[in-house]
Amino acid sequence: MADYAALALSLKDNEAFQRALDIVKSGALEALCTIDHDDAKGILKLQATIGVVNDIRDNLDAFVRQGKPQPKAGIA
């Protein structure tokens, strides 16, 4: 069985992954500032994008809290 806590911790510490999430979220936030207020479908899509990024980060935090990440054994 996978050690979800350790996997989640590695993703939380992965700068490239976190930067990718930041770019997706900031792009959606910027688009929300300029989207036509009558474009309900577009607004919902952007809000959903932001929600997914937030959910990914919340789930990673939850996996770390629920588990006890064990460092991988090194070569002796």
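Of the 76 residues in this protein, 14% are buried. Keep in mind that this is a predicted model. The accessible surface comes to about 5,900 Å², and carbon and sulfur atoms account for 59% of that.

Now the fold. There are three helices and zero strands, so to speak plainly, the pattern along the sequence reads α-α-α. As for contacts between residues at least 6 apart in sequence, 65% of them join residues at least 24 apart.

I'll spend most of my time on helix H2, residues 15–34. H2 has 20 residues and reaches 29 Å from its first C-alpha to its last, close to the 28 Å expected at 1.5 Å a residue. At the start of H2, Asn14 places a side-chain oxygen within 3.0 Å of the backbone nitrogen of Ala16.

Which residues of H2 are buried? They are Gln18, Leu21 and Ala28. Looking down the axis of H2, these buried residues fall within an arc of 100°, so they line one face of the helix. In general, an α-helix has 3.6 residues a turn, so residues three or four places apart point the same way. The cover over the buried residues of H2 includes helix H1, residues 4–12, and H3. On the other side of H2 are exposed residues: Glu15, Ala16, Arg19, Glu30, Cys33 and Thr34.

Last, one residue from helix H3, which runs over residues 40–66: Lys45. Is Lys45 buried or exposed? Lys45 counts as exposed, because its relative accessibility is 62% and the cut-off for exposed is over 50%. From C-alpha to C-alpha, Lys45 lies 9.8 Å from Leu32, with their positions 13 residues apart in sequence numbering.

Notes: Residues numbered from 1 in each chain as written. Predicted model: local features only at pLDDT ≥ 70, side-chain atom pairs only at ≥ 80, totals over all residues. Heavy atoms only, no water. Helix = DSSP H or I, 4+ residues; strand = E, 2+ residues; numbered from the N terminus. Buried < 20%, exposed > 50% of the residue type's maximum accessible area, 1.4 Å probe, protein only. Contact = heavy atoms within 4.5 Å. Areas by Shrake-Rupley, 256 points an atom, 1.4 Å probe, with all protein chains shown as cover. Expected span 1.5 Å × (residues − 1). Arc of directions from axis to C-beta. Polar contact = N/O pair within 3.5 Å; in protein donor to acceptor, adjacent residues only side chain to side chain.
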